[in-house]
Amino acid sequence: MLTARGWWLIIASVLLAVVGTTLALAIVVAILGLSLLTWIIVEWTLFAFSVRYALPSLTAERSVTQNQRAVSTGWAGLPLIIRTTVTNRSRFSLPLVTISECGSQTSSMTATAPLAPGESLVIESTLQPVEPGVLFLAGVQVRLQDLNGFFHAESFVPARRSVSILPSLTDEEGRQRSDKRFNSLLPPGTHRFRMPGSGSELLDLRDYRPGDPPKMIA
């Protein structure tokens with residue numbers, strides 16, 4: 001697709017060619033206009049070749065870290081660092097590639113560089129999950145353009161990744177462990193009181209309910 005700069009250059013080239021061919025004494029202007037048009041056609045051919053054969057060969061890999069550790073399950077309230085690597089697997093070079101994360105939840109971070117065969121481009125995004133659930137990462141947005149800024153094309157590179165987000169441990173139930181009454185279970189056959197009739201071993205215990213913090217499971 002042509003950019004605004006490309007359209008203006010084509011219009012100027014056509015005007016120069018028309019004026020040069022209309023005026024007999026302006027043969028130099030006509031040659032200049034035709035030369036610019038030829039150059040634009042060659043640049044467009046090379047760019048279309050890159051879009052057709054090199055752009056579909058891009059691959060993306062993801063890694064998710066929290067507290068400086070690679071995780072597949074995260075905690076709500078703690079930032080997730082999403083590192084995405086886009087690699088050119090084709091045998092052709094890409095003139096100028098810009099990659100960015102898809103989705104409004106991640107911070108808007110981009111990286112731009114030419115990609116030779118086998119080279120990679122890396123971006124890191126930060127995500128702050130606030131609620132428990134499943135975080136789904138679809139892929140990255142790729143924008144390809146030539147070095148002169150005349151043409152551009154956009155594509156999507158899938159990099160699917162699912163991360164389970166557990167409830168935060170900073171709510172009232174998460175703090176209960178530090179100030180609750182002492183009711184930890186003793187080994188089997190051992191009782192806290194010698195006299196029968198006391199049932200304090202089961203004080204404040206109940207069945208597990210979805211959403212309970214895993215550290216509260218006895």
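The buried residues of helix 2 pack against helix 1 (4–22), strand 1 (58–66), strand 4 (80–88), strand 5 (94–101), strand 8 (133–145) and strand 9 (152–166). Those buried residues are Ala30, Gly33, Ile40, Glu43, Phe47, Ser50 and Ala54. Here, buried means under 20% relative accessible area, exposed means over 50%, and partly exposed lies in between, with a 1.4 Å probe and protein chains only.

Before going further, a word on the model: it is predicted, so local features need pLDDT of at least 70 and side-chain atom pairs count only at pLDDT 80 or more, while totals for chains, interfaces and linings use all residues. Residues are numbered from 1 along each chain as its sequence is written, and side-chain values use heavy atoms, leaving out hydrogens and water.

**The overall picture**

The protein has 3 helices and 9 strands, in the order α-α-β-β-β-β-β-β-β-β-β-α along the sequence. Helices (H or I, at least four residues) and strands (E, at least two) are DSSP runs, numbered from the N terminus. Of the 218 residues in the protein, 31% are buried. Contact means heavy atoms within 4.5 Å; among contacts with a separation of 6 or more, 62% join residues 24 or more positions apart. The accessible surface comes to about 14200 Å², with 61% belonging to carbon and sulfur atoms; such areas come from the Shrake-Rupley method with a 1.4 Å probe.

**Helix 2 and a neighbour from helix 1**

Helix 2 covers residues 27–54, and its end C-alpha atoms are 40 Å apart, in agreement with the 40 Å expected for 28 residues at 1.5 Å a residue. That expected span is 1.5 Å times one less than the number of residues.

Leucine 9 sits in helix 1 and is buried, at 19% relative accessible area. Not counting residues up to four places away in sequence, leucine 9 touches Trp39, Ile40 and Phe150. Its C-alpha atom is 8.5 Å from that of phenylalanine 150, although the two residues are 141 apart along the chain.

**Glutamine 66 in strand 1**

Glutamine 66 belongs to strand 1 and counts as buried at 3% relative accessibility. Leaving aside neighbours within four places in sequence, glutamine 66 is in contact with Val71, Gly74, Trp75, Leu78, Pro79 and Leu80. Its side chain also reaches two backbone atoms:

| Backbone atom reached by the glutamine 66 side chain | Distance |
|---|---|
| Nitrogen of tryptophan 75 | 3.0 Å |
| Oxygen of leucine 78 | 3.1 Å |

Conventions. A polar contact is a pair of N or O atoms within 3.5 Å; within protein, one must be able to donate a hydrogen and the other to accept it, and residues adjacent in sequence count only if both atoms are side-chain atoms.
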